[in-house]
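Here is a friendly set of questions to work through with a structure beside you. Take your time with each one, and look for every named part as you read.

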Amino acid sequence: MTPAVSTDTEYDSIADLAADAATGLRNVLLACADTKLLLGYHYGEWTFGPPELEAAVANCSLSQTELGHVRLLHAVLKKHFGDDPDRLVDDRDAAAFANVSFLDTDLPDWPAYVGANFIVDVTMTRVLHAMRGSAFKPLRMSLDKMIDEERYHAHHGTGWFRTVAQRGDEERALLAARSQEALDSVIEWLGPPGDPGDGALVDARIKGRSNTDIRDAMLEELIATAGPLGLDLKVRIPDDWQGWNPATRRRTSDGPNADILYHLRGGGNTIFKLA
Amino acid sequence: MPYGEVYEVFARKTHDEPLRHVGSVNAADDDLAKAYAWTVYDEENWVEMCVVPRGAVIPITSHGAVPLWGN
């Protein structure tokens, strides 16, 4: 695969970057890390209760890889932006999280899980892939590892999307509803056309494609997959992006619900935390 | 209840060793077979792994049967 970005100009640290590019980079890395943290949580939850044993094993593995990716992204955030990884997980208001909002609450059924796997997870990989060969050199090795591991997440999501869609009318209708929710939240997460932070990353060749390009490519492929399966997904791009916050990638000031954050942080085990 | 198809899983740890049969998975399609094979049989750092639908395997010997004259 050819590099996603040209590497004519390269950066070893954020000190070499323009301020808007540095801010945009932190925002996108943290947003991907937050989304992967929530994906890891939900995949872990779905280690129990999926339709077949192999999917349980797969979910356990997918959870592990997502949490591993969080560690990789947090390491970059720590080294280059001074973020404390423990604080990023344990000591932020819910409203400060920048995950795809579809993951804010429990995934109540298997079609919701499939929406997270097939639409949210694969979109994260598209965004990371757009930074493959990035002009910001410290990203490169981590990105290659993550993208390589994400291949199996994509196979799993694609396979289950197709399988559930073909089970029957009721299953297909529920999959369509859950997928629509996932899609709407991903579109919001990717942000408005002309987002200056995203544009600064493209201009600096840290990203090879804008989020709008990524969104359009994702939509084209999703519609091409869903249509023949009888799923009529609507492309609902907001007309009004008023209030959209590039740091949280949403127009509202909510976030993961308290129950999820409690379990994700090990709320009942704080006295056992190692310093 | 099993559905889909049985896929046989083959893998190797180094490029200079032959592919060997490491197990099988039950999956609805090729995508799920790839995901399941990779996540179920993850005990090694495989350099190559592939899956083959069992239905695509053409038996030459009578499968699993002991000949009348013994092994």
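The questions below concern a predicted model, and they go from each chain to the place where the chains meet.

Q: How many helices and how many strands are there in chain A?
A: Let's begin by reading along the sequence, where chain A follows the pattern α-α-α-α-α-α-α-α-α. Every symbol in that pattern is an α. The count for chain A is nine helices and zero strands.

Q: What radius of gyration does chain A have, and what would a compact globule with 275 residues have?
A: The C-alpha atoms of chain A fill a box of roughly 55 × 50 × 35 Å along the principal axes. For 275 residues, the radius of gyration of a compact globule would be near 19 Å. Chain A agrees with that value, because its own radius of gyration is 18 Å.

Q: Which pattern does chain B follow along the sequence?
A: Chain B has one helix and three strands, so you can look for four symbols in the pattern. Reading along the sequence, you meet them as β-β-α-β.

Q: What radius of gyration does chain B have?
A: Start with the box, taken along the principal axes: the C-alpha atoms of chain B fill roughly 40 × 35 × 20 Å. A compact globule of 71 residues would have a radius of gyration near 11 Å. Chain B departs from that value, with 14 Å.

Q: In what order do the three strands of chain B form an open sheet?
A: Follow the pairings. Strand β1 (residues 5-12) of chain B pairs with strand β2 (residues 20-27) of chain B over seven bridges, in the antiparallel sense. Six bridges join β1(B) to strand β3 (residues 48-53) of chain B, again antiparallel. The edge strands, each pairing on one side only, are β2 and β3 of chain B, and the order is β2-β1-β3.

Q: Which residue is the bridge partner of Phe10(B) in β2(B), and which residue stands opposite Phe10(B) in β3(B)?
A: Find Phe10(B) and look across to each neighbouring strand in turn. In β3(B), Phe10(B) stands opposite Cys50(B). In β2(B), the bridge partner of Phe10(B) is His21(B).

Q: At what angle does α1(B) run to β2(B)?
A: Now place the helix of chain B on the sheet. α1(B) lies across β1, β2 and β3 of chain B. Its angle to β2(B) is about 125°.

Q: Are α2(A) and α5(A) roughly parallel or roughly antiparallel to each other?
A: Two packed helices are described by the angle between their axes and the distance between the axes. For α2(A) and α5(A), the axes are 10 Å apart and the angle is about 155°. Angles over 145 degrees count as roughly antiparallel, and α2(A) and α5(A) are therefore roughly antiparallel.

Q: Which residues of α5(A) make the contact with α2(A)?
A: α2(A) passes α5(A) in a left-handed crossing. From α2(A), the contact is made by Ala58(A), Leu62(A), Thr65(A), His69(A), Leu72(A) and Val76(A). On the α5(A) side you will find Ser142(A), Met146(A), Glu149(A), His153(A) and His156(A).

Q: Which element gives the largest share of the side of chain A that touches chain B?
A: Twelve residues of chain A are in contact with 14 residues of chain B. On the chain A side, the elements that give two or more residues are α2 (53-81) and α5 of chain A. The largest share, eight residues, comes from α5(A).

Q: Are α5(A) and α1(B) roughly antiparallel or oblique to each other?
A: The axes of α5(A) (residues 140-165) and α1(B) (residues 30-40) come within 7 Å and cross at roughly 135°. An angle must be over 145 degrees to count as roughly antiparallel. α5(A) and α1(B) are therefore oblique.

Q: Which residues of α1(B) make the contact with α5(A)?
A: α5(A) passes α1(B) in a left-handed crossing. α5(A) brings Tyr152(A), His155(A), His156(A), Thr158(A), Gly159(A), Trp160(A) and Thr163(A) to the contact. By class, the residues of this contact divide into five nonpolar, six polar and two charged. Those from α1(B) are Asp31(B), Leu32(B), Lys34(B), Ala35(B), Trp38(B) and Thr39(B).

How values were computed. Residues numbered from 1 in each chain as written. Chains lettered and ligands numbered in written order. Predicted model: local features only at pLDDT ≥ 70, side-chain atom pairs only at ≥ 80, totals over all residues. Axes fitted to C-alpha atoms, helices over the stretch in contact; angles between N-to-C directions. Parallel < 35°, antiparallel > 145°, perpendicular 65-115°, else oblique. Left-handed = near helix turned anticlockwise from the far one by under 90°. Contact = placed C-beta atoms within 7 Å. Nonpolar A, V, L, I, M, F, W, Y, C, P; charged D, E, K, R; others polar. Pairing = 2+ DSSP bridges. Rg over C-alpha atoms; globule rule 2.2 N^0.38 Å.
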